[in-house]
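Open the model in your viewer and keep the sequence panel beside it. This tour moves from one selection to the next and says what is there at each stop.

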Amino acid sequence: MPELPEVETIKNELAPCIIGKRITDVVLPDSTAVKEPASDVFIRKLKGTTIETVRRRGKYLILQLSNHKFLIIHLRMTGALLFNCPGERYVRAVFHLNGRDRLAFADRRRLGVLRLIDSVGEITDKLGPDPFARDFTAAKFAERLRGRKAPIKAVLLDQHVVAGVGNMYADEILFMAKIHPLRKTNTLTANEIKAIHHAMLRVLRAAIAGKGASVDTYKRPDGNQGTAHTEFAVAHRLGKPCPGCGTLIQRLPVRNRGSYYCSHCQKL
DNA sequence: CCCGGAACCTGAAGGC
DNA sequence: TGCCTTCAGGTTCCGG
């Protein structure tokens, strides 16, 4: 499931393949992948434009085009962007570049979204800060948590608070910070918030170094998997020993999301 | 505004 | 073997 480290990896590996290239054709085997504008307009406005920059904000991928529009891609659960990978499955959209290269948007569960918009603010204004933003300090993080009564796990998943953390990295972050996922956010001490902030940056950085976690359908643009999941302490490790103390990892639902944790290292 | 729950989606996995 | 149910989780919507 693409979260910040996966989208960052896709951005890094895709950029050298597509920047400066012209979109010579767009094919939509599943036009419902396009949220806006209408799919025929989407195709018409994309054709002939050149991709100028590729950026990431939270879990969104942002392609800036020569016609001053932005192609926004959200991969949601099972989306992947495959560059010149023969034999892809579940393809919902194909972008032909320079009449030679093929960028395919594959998405088994069909929850991903493509949109073509005039201003990135339409997407980014609603998001909380990116964890790697220069001014995203522990103090700023604490400010954004203030007044929240929900479990910290649920708040970490709220993209209005911080943009980019998803279910599996939230579990890893809380394990590293030794905080129980159901802990009420407004009972966290300043030091505990600092620990979560610090863990967030460490966990996400390590996952980017591992080129993302292939726990489900995540693939890099060349079709290869990432390795970040091999470093997981708790996420998707139900019944396996905690790397810190050996206690068997448990799982409990938080807002209907599976949450993996160590009941010894993360006390409520 | 904040919170929690349901809905969207479909292949995989497990039960019988 | 095969049908059926449940699960996965990022985002959005809705009711309280």
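**Stop one: a buried aspartate**

Select D130, in the loop between helix 3 (121–124) and helix 4. Helices here are DSSP runs of H or I with at least four residues, numbered from the N terminus. This is a predicted model, in which local features need pLDDT of at least 70, side-chain atom pairs count only at pLDDT 80 or more, and totals for chains, interfaces and linings use all residues. Residues are numbered from 1 along each chain as its sequence is written, chains are lettered from A and ligands numbered from 1 in the order in which they are written, and side-chain values use heavy atoms, with hydrogens and water left out.

Is D130 buried or exposed? D130 is buried, because its relative accessible area is 10%. Buried means under 20%, exposed over 50% and partly exposed in between, with a 1.4 Å probe and protein chains only.

Now show the side chain of R56. The side chains of D130 and R56 make a polar contact at 2.7 Å. A polar contact is a pair of N or O atoms within 3.5 Å; within protein, one must be able to donate a hydrogen and the other to accept it, and residues adjacent in sequence count only if both atoms are side-chain atoms. Leaving out residues up to four places away in sequence, D130 touches L4, R56, R57, G58, F136 and A163. Contact means heavy atoms within 4.5 Å.

**Stop two: helix 1**

L4 leads to helix 1, where L4 is one of the buried residues. Helix 1 has 15 residues and reaches 20 Å from its first C-alpha to its last, close to the 21 Å expected at 1.5 Å a residue. The expected span is 1.5 Å times one less than the number of residues. Twelve of the 15 residues of helix 1 are buried, so the helix is mostly covered. Among them are charged side chains to look at: E6, E8, K11 and E13. Just after the helix, G20 takes a positive phi of about 85 degrees.

**Stop three: G166**

Move to the loop between helix 5 and helix 6 and select G166. G166 is buried, with a relative accessible area of 3%. Beyond its neighbours within four places in sequence, G166 is in contact with E3, K59 and L157. Keep K59 in view for the DNA.

**Stop four: helix 7**

Select residues 190–209, which form helix 7. Helix 7 has 20 residues and spans 29 Å from first C-alpha to last, close to the 28 Å expected. Its buried residues are I193, I196, H197, A199, M200, L201, V203, L204 and A207. An α-helix has 3.6 residues a turn, so residues three or four places apart point the same way. What covers the buried residues of helix 7? The cover includes helix 1 (4–18), helix 4 (138–145), helix 5 (152–156) and helix 6 (167–177). K211 follows helix 7 with a positive phi, near 60 degrees.

**Stop five: DNA strand B**

Select the residues around DNA strand B: Y90, R108, R109, R110, L111, R148, K149, A150, P151, R255, N256 and R257. A residue is near a strand if one of its heavy atoms lies within 4 Å of it. These residues divide into four nonpolar, one polar and seven charged. Ala, Val, Leu, Ile, Met, Phe, Trp, Tyr, Cys and Pro count as nonpolar, Asp, Glu, Lys and Arg as charged, and the others, Gly among them, as polar.

Of the strand B atoms within 4 Å of the protein, 70% belong to sugar or phosphate and the rest to bases. Check three pairs:

- R108: a polar side-chain atom lies 3.5 Å from a sugar or linking oxygen of strand B.
- K149: a backbone N or O atom lies 2.4 Å from a phosphate oxygen of strand B.
- R255: a polar side-chain atom lies 2.9 Å from a base nitrogen of strand B.

**Stop six: DNA strand C**

Of the 15 residues around DNA strand C, H74, M77, L111, N167 and R251 come nearest. Sugar and phosphate account for 64% of the strand C atoms within 4 Å of the protein. The residues near strand C divide into three nonpolar, six polar and six charged.

Return to K59: an N or O atom of its side chain is 3.1 Å from a phosphate oxygen of strand C. Polar side-chain atoms of Q159 and H236 each lie 3.5 Å from a phosphate oxygen of this strand.

Conventions: Helices (H or I, at least four residues) and strands (E, at least two) are DSSP runs, numbered from the N terminus.
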